[in-house]
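Colleague: I would like to learn how to read cavities, cores and salt bridges. Can we work through an example together?

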Amino acid sequence: MSIKIDEGSCIGCGRCSDICPGNLLVVDNNLARIREPQACWGCTACVKECPANAIRSYLGADMGGSGSLLYVKDHEDTLEWIIQKADGTTESIIIYKANSNTY
Amino acid sequence: MSPAQTLKWIEAGKGPAERNVEIEGTEPYVVGGHTASGYWINDKRQTTLQGLYAAGDVAGGCPQKYVTGAFVEGELAAKAVQEYIFSEGVYRDNSMSAKQNEEKYSEVQHFFASENDLYTAAELEEAMQKTMDDYAGGIARQYRFNETQLNIADKRIRRIEQLSNQLGAKGELYKLLQIYELRERLMVCKVLIAHLRARKETRWHSFAENLDYPDKSSDWERYVNSKLENGEVKIIFRELIRRGEHYEHKN
């Protein structure tokens with residue numbers, strides 16, 4: 001599990017660095033980077049926090065991943081989780097925020 | 001369910017309803033969340049240290065609470081903290097003498113400034129993980145252990161702890177953090193080994209199999225707890241708190 005940061009989109013705001021519970025993200029020269037990718041446990045907090053939509057979560061090849069990227073779009077009442085597959089197709093999962101923590 | 005698992009199912013095009021999920025036991029590592037282990041707490045989730053509260057994985061006594069249970073404990077702890085602050089004020093620990101403070105400061109300064117790079121914190125952590133895997137009932141041994149192995153694990157962990165005295169952060173705060181994370185994990189290893197050794201039965205089959213005492217015994221329906229006294233883990237036993245009973249700290 002780890003993340004990929006798109007250097008072209010990153011605005012260097014540092015919000016991912018503040019939110020990362022593993023203290024793994026740092027901002028150097030206005031660009032965020034993950035200093036120990038293997039230590040990331042895939043919580044996706046940074047993916048949700050990034051205002052520039054520059055962070056994608058992915059599954060390492062050793063974990064059985066095959067190149068899909070996961071990111072999220074915030075639509076006020078819902079979160080749309082988008083899985084962009086290696087073949088270019090996408091799939092979405094819509095989560096209603098108000099109901100997301102009820103069991 | 002974790003985002004990574006969902007991603008894997010969608011990548012594969014088949015969810016758990018259509019294809020069996022491959023599983024492997026990984027929980028019995030140095031984590032307390034899914035067993036009864038953790039810090040000793042009272043009904044209000046206060047630990048035995050005044051002003052320190054625990055909820056979820058770190059709070060012991062109750063197994064299998066998962067996320068929902070952790071949320072409830074978090075709420076209990078937060079309310080108790082609020083009550084504590086309004087009645088007693090913010091707790092300030094004045095138990096350390098000026099000399100102890102000075103010693104702690106120079107210890108941190110030593111690690112921070114040291115340029116020694118014979119071993120890195122990551123290397124010692126790998127040695128720690130291997131020791132726990134091989135000799136303290138880790139995944140390499142299918143969570144089985146005996147007392148002889150635990151004694152070897154204890155010796156090795158103490159040796160790694162000695163080596164960790166020589167680590168250096170070369171003036172980098174993140175490296176200093178890694179050194180202290182390692183040293184605290186080594187402390188947890190020593191506690192885990194002492195607890196595994198003290199419970200002379202097998203209470204949690206599949207989580208941990210004590211090969212010297214492979215059966216569950218009603219004599220052991222009690223908590224194996226510990227205190228740190230002069231740097232050593234001292235085992236104490238506490239009676240079970242039964243359903244409907246309440247617990248306040250006595251020792």
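Modeller: We will take empty space, then nonpolar cores, then charged pairs. Keep in mind that this is a predicted model.

Colleague: How many cavities of 30 Å³ or more does the structure hold?

Modeller: Start with the idea. Rolling a probe the size of a water molecule over the atoms shows where empty space is left. Here there are 4 such cavities. The largest has about 120 Å³ of space.

Colleague: Which residues lie nearest the centre of the largest cavity?

Modeller: Cys20(A), Leu24(A), Cys40(A), Cys43(A) and Cys46(A) do, out of a lining of 13 residues. By class, that lining has 10 nonpolar, 3 polar and no charged residues.

Colleague: What volume does the second largest cavity have?

Modeller: About 90 Å³. Its lining includes Cys10(A), Arg15(A), Cys50(A) and Ile55(A). Here the classes are 9 nonpolar, 2 polar and 1 charged.

Colleague: Now the cores. Which residues have the most contacts inside the largest nonpolar core?

Modeller: Ile3(A), Ile5(A), Leu25(A), Cys46(A), Val47(A) and Ile55(A), in a core of 27 residues. Elements giving two or more residues to this core come from chain A, including strands E1 (2-5) and E6 (78-84), and from chain B, with helix H1 (3-12). E6(A) gives the most, with 4 residues.

Colleague: What does Ile3(A) touch?

Modeller: Leaving out residues up to four places away in sequence, its contacts include Leu25(A), Cys46(A), Val47(A) and Ile55(A). Apart from this core lies another, of 22 residues, with Met132(B) and Leu186(B) among them.

Colleague: And charged pairs? How many salt bridges are there over all chains?

Modeller: Side chains of opposite charge can pair when their charged atoms come close. The count is 19 over all chains. One of them joins Glu49(A) and Arg15(A), at 3.4 Å from N to O.

Colleague: Why does the pair of Glu49(A) and Arg15(A) tie together parts that are apart in sequence?

Modeller: Glu49(A) lies in helix H2 of chain A and Arg15(A) in helix H1 of chain A, so the pair ties together parts 34 residues apart in sequence. Glu49(A) is partly exposed, at 25% relative accessibility. Arg15(A) is partly exposed too, at 39%.

Colleague: Let us try chain B. Is Lys190(B) buried or exposed?

Modeller: Lys190(B) is buried, with a relative accessible area of 7%. Lys190(B) forms a salt bridge with Glu161(B), the closest N and O atoms being 3.0 Å apart. Glu161(B) lies in helix H5 and Lys190(B) in helix H6 of chain B, so parts 29 residues apart in sequence are tied together. Glu161(B) counts as partly exposed, at 22%.

Definitions and conventions. Residues are numbered from 1 along each chain as its sequence is written. Chains are lettered from A and ligands numbered from 1 in the order in which they are written. This is a predicted model: local features need pLDDT of at least 70, side-chain atom pairs count only at pLDDT 80 or more; totals for chains, interfaces and linings use all residues. Side-chain values use heavy atoms; hydrogens and water are left out. On a 1 Å grid over the protein atoms alone, a cavity is a set of points where a 1.4 Å probe fits but cannot get out, and a pocket is an open set with protein on both sides within 12 Å along at least five of seven lines; lining residues have an atom within 4 Å of a point. Grid points are joined across faces, edges and corners, and a volume is the space filled by probe spheres set on the points. Ala, Val, Leu, Ile, Met, Phe, Trp, Tyr, Cys and Pro count as nonpolar, Asp, Glu, Lys and Arg as charged, and the others, Gly among them, as polar. A nonpolar core is a set of buried Ala, Val, Leu, Ile, Met, Phe, Trp, Tyr and Cys residues joined through side-chain atoms within 4.5 Å. Buried means under 20% relative accessible area, exposed over 50%, partly exposed in between (1.4 Å probe, protein chains only). Contact means heavy atoms within 4.5 Å. A salt bridge is a side-chain nitrogen of Lys or Arg within 4 Å of a carboxyl oxygen of Asp or Glu.
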